[in-house]
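Let's take a walk through this one together, starting with a single helix and working outwards. Have the model open and ready to rotate.

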Amino acid sequence: MRRWRRGLLAALITAAVVVPLSAATRPEIPSPPPANLPRPTVATLDRIYAANSANAAQAARTARAHGDTHRAAADREMAAPTRHLLAFDGRGNGKAAEVFGDLARADHVAVLVPGSDTSLDTYPRFRATADALYRRLTGTAPEGTRSAVIAWLGYRTPDTVSTTVLTTGRADEAAPDLREFIRRLHGVVGRHTTVSLVCHSYGTVVCARAAAHLDIDDLALVGSPGTGSGTAAALHTRARVWAARGKDDWIGEVPHIRTDLFGVRVGFGTDPVSPAFGAHVFAAGAGGHSDYFTPGSVSLANLARIVLGDTAEVSRA
C-alpha cells in the first residue's frame with residue numbers, strides 16, 4: 001500500500017505539471033452551439049439526423065476558418081450524409097452519439113460508452129469499435145432479428161495522463177447525461193426492444209455511476225479499472241451485470257483499491273472480474289486493453305451474444 005501511494009503521488013505530481021502545460025499549447029477552437037432538436041421519436045429521427053449533420057458541417061467550416069485543419073476534417077467526416085447522428089456538439093473536445101443500423105426497427109440496441117482520451121479528434125477509433133460490434137450482430141443474429149449500435153461520446157473523457165483519470169469526477173459529471181440519453185432512447189425504440197450498455201475502461205466508471213437509474217437489460221464492463229462500487233449488487237440495477245478482461249490487458253496490473261490522498265478519493269475499488277464483485281464473468285481471450293472489439297475475437301463474440309440475449313451461449317472465463 002505504501003509503495004502504491006508513493007507511485008500514485010509521483011503520477012499525480014507529474015500530471016499536475018505536464019497536463020496543464022500541454023493543454024495550454026492548443027488554443028480553443030470556436031464551434032457553433034448544438035442544433036435545436038425535437039424530442040427523439042420514430043417520426044423525428046430523420047430530422048434529427050439532418051440537423052446534426054448540418055451542425056457538424058457548420059462546425060467544420062468554423063474550425064477551418066480558425067486554422068484547425070485536423071478538427072475541420074473530423075467534423076466534416078461526422079457531417080457525411082451516410083452518418084446518423086443522434087447528437088453532436090463540436091465545442092471543446094466534442095460530443096456525439098452515432099447510430100449504426102435502423103434504430104427505429106431494432107429488436108436489440110447496444111450503447112457503447114468509451115474510456116479516456118476519446119474526443120472528436122480521436123473519434124475514428126471509437127467509431128471502429130461500434131462498427132465492429134454492429135457487423136458482428138448483423139452477421140450472427142437469427143434471420144429477421146434487427147440490431148442497432150450507438151457510439152455514445154456523451155461526456156468529457158479524462159486524459160490517460162491526468163489526475164482526473166484516477167477519480168470518479170468525470171463519471172459523476174457524465175452520469176446524469178447518460179441517464180437522460182437512455183430515457184430518451186426509450187422514446188424511439190419499442191417497449192420489447194432490449195437495451196444493453198457496453199462500457200470500456202473509464203467508461204465502466206461512468207456506467208456504474210449511472211446504473212441505478214437506467215432502464216437497461218444488460219450492463220457489460222470490459223477492461224475496467226474498477227467501478228467505484230464494491231459489488232455488482234451495490235450498483236442497484238435490475239440489469240444483468242457482466243465483466244471481462246483480456247489476458248494481456250495492462251489494466252489488470254492497476255491496484256484495485258480506493259483510498260484518500262490529500263483529501264481526494266482516488267482509485268475505483270473491487271476488481272469487476274473478481275468473485276467478490278459478483279458479476280457474470282465472461283471470456284475475453286488473450287487480447288489487450290484495446291482489443292475487446294477486434295473482429296473475430298472471443299470478447300466481441302461474447303459481447304454480441306449478450307446484446308442478442310443469447311446468454312446461455314456466452315463462454316465463461
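How far apart should the ends of helix 2 (residues 45-65) be, at 1.5 Å a residue? Keep in mind as you look that this is a predicted model. Helix 2 has 21 residues, so the expected span is 30 Å, and its end C-alpha atoms are indeed 30 Å apart.

Now look at which parts of helix 2 are hidden. The buried residues are Leu45, Ile48, Tyr49, Asn52, Ser53, Asn55, Ala56, Ala59, Ala60 and Ala63. Turn the model until you look down the axis of helix 2: these buried residues stay within an arc of 165°, so they line one face of the helix. Over on the other side, Asp46, Arg47 and Ala65 are exposed. And what sits on top of the buried residues? The cover includes helix 3 (69-78), along with strand 1 (85-89) and strand 2 (95-100). Just past the end of helix 2 you'll run into Gly67, whose phi is positive, at about 85°.

Those two strands lead us into the sheet. It's an open one, built from eight strands in the order 1-2-4-3-5-6-7-10, with mixed pairing. Strand 1 and strand 10 (280-281) are the edges, each pairing on one side only. Further in, strand 6 (residues 218-222) runs parallel to strand 7 (residues 240-244), and the two pair over five bridges. To find your place there, start at Asp218, whose bridge partner in strand 7 is Arg240.

Helices pack on this sheet too. Helix 4 (residues 123-140) touches strand 2, strand 3 (108-113) and strand 4 (147-153), and its direction makes about 165° with that of strand 4. Helix 6 (residues 202-210) touches strand 3, strand 5 (194-200) and strand 6, and here the angle with the direction of strand 5 is about 135°.

That brings us to the inside. In soluble globular proteins, nonpolar side chains tend to be buried together. In this model the largest nonpolar core has 47 residues, and Leu103, Leu197 and Leu219 have the most contacts inside it. Helix 5 (residues 169-185) gives the most to this core, seven residues. For a closer look, pick Leu219: beyond its neighbours within four places in sequence, it is in contact with Leu197, Cys199, Cys207, Ala211, Leu235, Ala239, Arg240, Val241 and Trp242. Apart from this core lies another one, of 37 residues, with Leu137, Ala141, Val149 and Ile306 among them.

Methods:
Residues numbered from 1 in each chain as written. Predicted model: local features only at pLDDT ≥ 70, side-chain atom pairs only at ≥ 80, totals over all residues. Heavy atoms only, no water. Core = buried A, V, L, I, M, F, W, Y, C linked by side-chain atoms within 4.5 Å. Buried < 20%, exposed > 50% of the residue type's maximum accessible area, 1.4 Å probe, protein only. Helix = DSSP H or I, 4+ residues; strand = E, 2+ residues; numbered from the N terminus. Contact = heavy atoms within 4.5 Å. Expected span 1.5 Å × (residues − 1). Arc of directions from axis to C-beta. Pairing = 2+ DSSP bridges. Axes fitted to C-alpha atoms, helices over the stretch in contact; angles between N-to-C directions.
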